[in-house]
Amino acid sequence: QVQLVESGGGSVQAGGSLRLSCAASGSIFSIAVIGWYRQAPAKQRELVATITIGGNTNYADSVKGRFTISRENAKNTMYLQMNSLKPEDTAVYYCKADGRTGWNTGFRSWGQGTQVTVSS
């Protein structure tokens, strides 16, 4: 079983910055892809950014140029640096990881979420 714990959320004014962290623990053999998703009130959960074990990144158009995703493979930890925040970035941010707990066993885990609130 793999657990993900997010941290770093909070409240900030528009134009400000926050850094989210996601730490994975448990029986981890490897994490192929890890990423951030967000869900605003009355909206569907959407992709924010993902990063592969090789460092390839993918961003939602709405955050390109403002957010940067990174990971430390040795620590099974991922980060999301969020700059130039806008009120529309307000949401609960979730960490998701896809990987393996063994040669033949995969996993998909979600974190519990962390609230990000951006005021105008």
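Me: How much surface does the protein chain expose, and what share of that surface do carbon and sulfur atoms supply?

Reply: In this predicted model, the protein chain exposes about 6,300 Å², and carbon and sulfur atoms supply 47% of that area. Of the 120 residues, 44% count as buried, a label that requires a relative accessible area under 20%.

Me: What makes the protein chain as compact as a globular protein of its length?

Reply: The secondary structure comes to zero helices and 11 strands, and the elements accordingly run β-β-β-β-β-β-β-β-β-β-β from the N terminus on. The radius of gyration of the chain is 14 Å, close to the 14 Å that the globule rule gives for 120 residues, and the chain is therefore as compact as a globular protein of that length. Along the principal axes, the C-alpha atoms fill a box of roughly 50 × 25 × 20 Å. Among contacts with a separation of 6 or more, 54% come from residues 24 or more positions apart.

Me: Why is the pair of cysteine 22 and cysteine 95 called a disulfide, and what gives the disulfide its handedness?

Reply: The sulfur atoms of cysteine 22 and cysteine 95 are 2.0 Å apart, and since the cut-off for a disulfide is 2.5 Å, the pair qualifies; a search of the whole structure finds one disulfide. The pair links distant parts of the chain, with cysteine 22 in strand 3 (residues 18–26) and cysteine 95 in strand 9, 73 residues apart. The torsion about the S-S bond is about -75°, so the disulfide is left-handed. Both cysteine 22 and cysteine 95 are buried.

Me: How do you know that arginine 38 and aspartate 89 form a salt bridge, and are these residues buried or exposed?

Reply: The N to O distance between the side chains of arginine 38 and aspartate 89 is 3.0 Å, which falls within the 4 Å that a salt bridge allows, so the pair meets the criterion. The pair links distant parts of the chain, 51 residues apart: arginine 38 is in strand 4 (residues 30–39), whereas aspartate 89 is in the loop between strand 8 (77–82) and strand 9 (91–102). With 6% relative accessibility, arginine 38 is buried, and aspartate 89, with a relative accessible area of 1%, is buried as well, because the label applies under 20%.

Me: What makes the pairs of aspartate 61 with lysine 64 and of glutamate 72 with lysine 75 salt bridges, and where do their residues fall between buried and exposed?

Reply: The closest N and O atoms of lysine 64 and aspartate 61 are 3.1 Å apart, and those of glutamate 72 and lysine 75 meet at 3.7 Å, so each pair can be set against the limit of 4 Å and found within it. Aspartate 61 counts as exposed at 65% relative accessibility, and lysine 75 is exposed with a relative accessible area of 56%, because exposed means over 50%. Glutamate 72, at 31% relative accessibility, counts as partly exposed.

Me: Which residues are joined into one network by salt bridges that share partners?

Reply: Arg38, Glu46, Arg66 and Asp89 are joined in this way, and the search of the whole structure finds seven salt bridges.

Me: Why is alanine 32 called partly exposed, and which residues is alanine 32 in contact with, leaving aside neighbours within four places in sequence?

Reply: Alanine 32, which lies in strand 4, has 37% relative accessibility, and because this value is neither under 20% nor over 50%, the residue is partly exposed. Leaving aside neighbours within four places in sequence, the contacts of alanine 32 are Ile51, Thr52, Ile53, Arg71, Asp98 and Gly99. Alanine 32 and arginine 100 are 68 residues apart in sequence, while their C-alpha atoms are 7.8 Å apart in space.

Me: What is the phi value of alanine 42 and of asparagine 76, and why do their accessibility labels read as they do?

Reply: Phi of alanine 42 is near 65°, a positive value in a residue other than glycine, and the residue lies in the loop between strand 4 and strand 5 (46–52). Its relative accessible area is 91%, and the residue is therefore exposed, the threshold being over 50%. Phi of asparagine 76 is near 50°, also positive in a residue other than glycine, and asparagine 76 is placed in the loop between strand 7 (67–72) and strand 8. At 24% relative accessibility, asparagine 76 is not under 20% and not over 50%, so the label is partly exposed.

How values were computed. Residues are numbered from 1 along each chain as its sequence is written. This is a predicted model: local features need pLDDT of at least 70, side-chain atom pairs count only at pLDDT 80 or more; totals for chains, interfaces and linings use all residues. Side-chain values use heavy atoms; hydrogens and water are left out. Helices (H or I, at least four residues) and strands (E, at least two) are DSSP runs, numbered from the N terminus. Buried means under 20% relative accessible area, exposed over 50%, partly exposed in between (1.4 Å probe, protein chains only). Contact means heavy atoms within 4.5 Å. The radius of gyration is taken over C-alpha atoms; the globule rule is 2.2 Å times the number of residues to the power 0.38. Accessible areas come from the Shrake-Rupley method with a 1.4 Å probe; for residues, only the protein chains shown count as cover.
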